[in-house]
Protein chains: 2
Amino acid sequence: MSTVIEVEKTKTEVNSDAKPNFGVTGRKIVYDKDGKPCRTCNTLQDFQFATAGAKKQVKTPVVSGMNPEQPVNTKIGSYAKEDPPDVTVLGRSSWTLLHSIAATYPEEPTNKQQKDMKQFINLFAGFYPCWFCADDFQKYITTNEPKVETQDSLGRWLCDAHNDVNKKLGKPKFNCDLWKQRWKDGWDEQ
Amino acid sequence: MSTVIEVEKTKTEVNSDAKPNFGVTGRKIVYDKDGKPCRTCNTLQDFQFATAGAKKQVKTPVVSGMNPEQPVNTKIGSYAKEDPPDVTVLGRSSWTLLHSIAATYPEEPTNKQQKDMKQFINLFAGFYPCWFCADDFQKYITTNEPKVETQDSLGRWLCDAHNDVNKKLGKPKFNCDLWKQRWKDGWDEQ
């Protein structure tokens, strides 16, 4: 399915050193400390747009996030040449893992399990591949200490953390009373 | 898109206590220690099949992993009532996160970063939501110590670990010389 993404002229102006401030999705482009567009911090469309900008070869419109001149769906061995995950895929994948970890965390964890879970969350925040998301999450856990006392407290804490990000992205708030239906037990409507 | 999954009679026989040994996908059904089907260890189709079996209400064929009598795509607030992730979604999500973490791990990590990465991998293996996958991964890292010395060594080690799982699942081997194209840099064919 191909969807032409209209470029919003006011937001996609290329700045003086050919580094656009905004991408085709309307999001701000995030750069790494070395000045290159950050692959894990932007959507694939915006990353490709900014990379093209940096090469002074800005081409629009971008179709489905892929430059039409690029080969699509070529293979390497038995595998398709998939692009590295962008900020959206990375976010969805990580929340899936974290909520599932909460769903299988013991209902009455030992002191060691609680200490390990805190350590895991801290290390996760340190190694998260999108640097500005990691910065945000590190700030969040400093002011909202992970609640690792029970499975339910961890599940709700994660749900709140997820809602904090949802808010920043303009997404609706999830009702955290339902975290177990969404991530552990299902909706049980048989 | 709906695909009717044919039930293989020899494999889907229900055993004496209504706990099927094999699911509609042909995979062995994994149970938790309490004897209930493990949601995070099975595909959604197999989990639903085994759950129905446990209730002595086995219905076949299963269409696209959903019981046709279940409400589909109903919503709760602004969110669809999505099922908790199954073993496949969980696996894909987790590899996406882990490979991306390797892709943004420092090329020359400090001793502390190396120690932290080992700790992160150990904790990840301990908390992984699918218990039999976690057992396998824990065994793997015992005999194949994580190589955290450089970004490239970590990326290749993870690629090898992923191939070890691919082999068990009958999936093709990925060429680990290409891990950076797949998970970090892209294929650069512009």
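Reader: Hi! Before we start, what does "exposed" mean here?

Author: Hi! A residue is called exposed when its relative accessible area is over 50%, buried when that value is under 20%, and partly exposed in between. Lys168(A), at 52%, therefore counts as exposed. One thing to keep in mind is that this is a predicted model.

Reader: Got it. Which residue forms a salt bridge with Lys168(A)?

Author: Asp164(A) does, and the closest N and O atoms are 3.5 Å apart. Asp164(A) is partly exposed, at 27% relative accessibility.

Reader: Where do those two sit?

Author: Both are in helix α5 of chain A, 4 residues apart, so about one helical turn separates them.

Reader: And why does a spacing like that matter in a helix?

Author: An α-helix has 3.6 residues a turn, so residues three or four places apart point the same way.

Reader: Nice. What about Glu145(A), which residue does that one pair with?

Author: Glu145(A) forms a salt bridge with Lys118(A), with 2.8 Å between the closest N and O atoms. Glu145(A) is in the loop between α4 and α5 of chain A, while Lys118(A) is in helix α3, so the pair ties together parts 27 residues apart in sequence.

Reader: Are those two buried or exposed?

Author: Glu145(A) is exposed, with a relative accessible area of 52%. Lys118(A) is partly exposed at 29%.

Reader: Switching topic: how many helices and strands are in chain A?

Author: Chain A has 6 helices and 4 strands. Starting from the N terminus, their order is β-α-β-β-β-α-α-α-α-α. Of its 190 residues, 45% count as buried.

Reader: And how many residues are in the contact between the two chains?

Author: Chain B and chain A each put in 51 residues. The area buried between them is about 4,400 Å², and carbon and sulfur atoms give 65% of that.

Reader: How many salt bridges are there between chain B and chain A?

Author: There are 2. One of them joins Arg182(A) to Glu82(B), where the closest N and O atoms are 3.5 Å apart. The elements giving two or more residues to chain B's side are α2, α3 and α6 of chain B.

Reader: Which of those gives the most?

Author: That's α2(B), with 9 residues. Sorted by class, the side of chain B that touches chain A has 22 nonpolar, 16 polar and 13 charged residues.

Reader: Last one: is α2(B) mostly covered or mostly open?

Author: Mostly covered, since 14 of the 18 residues of α2(B) are buried. This helix runs over residues 87-104 and reaches 26 Å from its first C-alpha to its last.

Terms used. Residues numbered from 1 in each chain as written. Chains lettered and ligands numbered in written order. Predicted model: local features only at pLDDT ≥ 70, side-chain atom pairs only at ≥ 80, totals over all residues. Heavy atoms only, no water. Expected span 1.5 Å × (residues − 1). Buried < 20%, exposed > 50% of the residue type's maximum accessible area, 1.4 Å probe, protein only. Contact = heavy atoms within 4.5 Å. Buried area = accessible area lost by both parts, 1.4 Å probe. Salt bridge = Lys/Arg side-chain N within 4 Å of Asp/Glu carboxyl O. Nonpolar A, V, L, I, M, F, W, Y, C, P; charged D, E, K, R; others polar.
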